[in-house]
Amino acid sequence: MSRDEQMAKAGRFVLGLMEGLEAQSFEAEMQADPALAAMVGKLAKTMQALDDTAEPAAIPKRMWDKIETRIAALPQEAPVAAGNVVAFDRAGGKPRRTVSPWRFAAMAATAVLALGLGYLAGARLAAPPEPVAFAVLLNESDAMPGAIVQAYADDSVMLRPLRGFDVPDGKILQVWTLPDRETGPVSLGTLSRQAATRLQGPDLPLPHEGQLYEITLEPSPGSPTGRPTGPILVKGYARFSPSS
Amino acid sequence: MPQETMLDQTPDGLMLAVARGDRSALARLFETEAGRLIAIARRIVRRQDLAEEAVQDGFVSAWQSAARFDPQRGTARAWLTTIVRNRALNLIRNDARLEFHDAEDVAAIGDRAADAMAAMNQLSDRDALKSCLGELDEPKRQAILLCYVTGLDHGEVAATMKAPLGTVKSWIRRGVIALQECLS
């Protein structure tokens, strides 16, 4: 790689213009080439002067409480000996050595994913394939559509709210499906905000025609029993588009 | 002597304490850094709730991955900033981006350009970055600032600057090379 090409890539990496496979392969190049890593590190450090110009915002009350709740039961990665940092590869979960500080930051940003917290799942996945089934979830009382579920073959679903739900403090929206009576309701995850959200459900058979999906209101951070305990806000049944 | 006074209260010292499992050290880092990090994330995600989400997720990641922090490789503030920036970029590079793009009007795009330029203008005159950015042609400078400060991608920079995509890619490529030549 010519020096210009290196500088161009370092620039795109630091500007946040590299994604997915390209970013991963560039991170691998940095691991193999300390001079390249240093070039990127220098540019990133220089550019952070721009971050420091941001006028600090007010910190919302209770924001720390939410973080404290989330880390309360969250184990930390084991300490590692200096100079022998082991990162977990997202795909394989195998420990491997890495030296790049950029890898640290990238891995830190995805570390939550590795532990399988559903509401962050998919944050760094590539564009999804076609859904295998759809469900329109209706409001129980007036049968108005409240949300659309697109279910994918990889056990993930994309959930799009079609209206705002009233979520009191201390409550959270939780998404469920009923693969069959014997299995019972299975949680697909919770919605931390009311926006289109991709959730990674557990390993389940492909959805079948008529499979039930519903959203209930549960105590935050999710049903304490692993089964729906709160009121059903909307529910609907899986349908396949005629072409599929 | 109360143990409190023994603790290194600098961000780096606090982050090392977090790596030893000290939640109160993370709480103190949050107090001193969260306001700045929310502001940085907000320039990228353009929404208060998403900015708070990026910072919240960032502190959770920092807790989990604290053992990876190595003060010899960079400061705790820089480390936290990189984590939060990545999280903010991930948030807007997903479906959420589509939604707020639909709602985004001309004024909001103007805000981005203004934020990007204000960030450069607020740099210290002694900062080499400021003088090196100043040496770039206006379009290259603006494209680089829009990407870094407000998290736009090539296509969004093209739309904001009303320039062809290929031209924008070339501005950014030549701009980052010239910037690094100037800084070295």
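**Chains A and B: interface and aromatic pairs**

Me: How many residue pairs are in polar contact across the interface of chain B and chain A?

Reply: The rule finds 19 such pairs between chain B and chain A, both residues being at pLDDT 80 or more; a polar contact is a pair of N or O atoms within 3.5 Å, where within protein one must be able to donate a hydrogen and the other to accept it, and residues adjacent in sequence count only if both atoms are side-chain atoms. This is a predicted model, in which local features need pLDDT of at least 70 and side-chain atom pairs count only at pLDDT 80 or more, while totals for chains, interfaces and linings use all residues. Residues are numbered from 1 along each chain as its sequence is written, chains are lettered from A and ligands numbered from 1 in the order in which they are written, and side-chain values use heavy atoms, with hydrogens and water left out.

Me: Which helix gives the most to the side of chain B that touches chain A?

Reply: That is α2(B), with 13 residues, helices being DSSP runs of H or I with at least four residues, numbered from the N terminus.

Me: And how many salt bridges are there between chain B and chain A?

Reply: The count is 5, a salt bridge being a side-chain nitrogen of Lys or Arg within 4 Å of a carboxyl oxygen of Asp or Glu. One pairs B:R36 with A:D52, whose closest N and O atoms are 2.9 Å apart.

Me: What area do chain B and chain A bury between them?

Reply: About 6300 Å², 59% of it on carbon and sulfur atoms, where buried area is the accessible area (1.4 Å probe) that two parts lose on being put together, summed over both. In chain B, the residues that lose the most area to chain A are B:Q64, B:R68 and B:Y148, together 14% of what that side buries.

Me: Switching topic, how many aromatic pairs are there over all chains?

Reply: A search of the whole structure gives 4, rings of Phe, Tyr and Trp (its six-membered ring) pairing if their centres lie within 6.5 Å, with planes under 30 degrees apart counted as stacked, over 60 as edge-to-face and the rest as tilted.

Me: Why is the pair of A:W64 and B:F30 tilted?

Reply: Because the planes of A:W64 and B:F30 are at 45°, with the ring centres 5.4 Å apart. A:W64 lies in helix α4 (residues 63-72) of chain A and B:F30 in helix α2 of chain B, so the pair joins two chains.

Me: Is B:F30 buried or exposed?

Reply: B:F30 is buried, at a relative accessible area of 4%, where buried means under 20%, exposed over 50% and partly exposed in between (1.4 Å probe, protein chains only).
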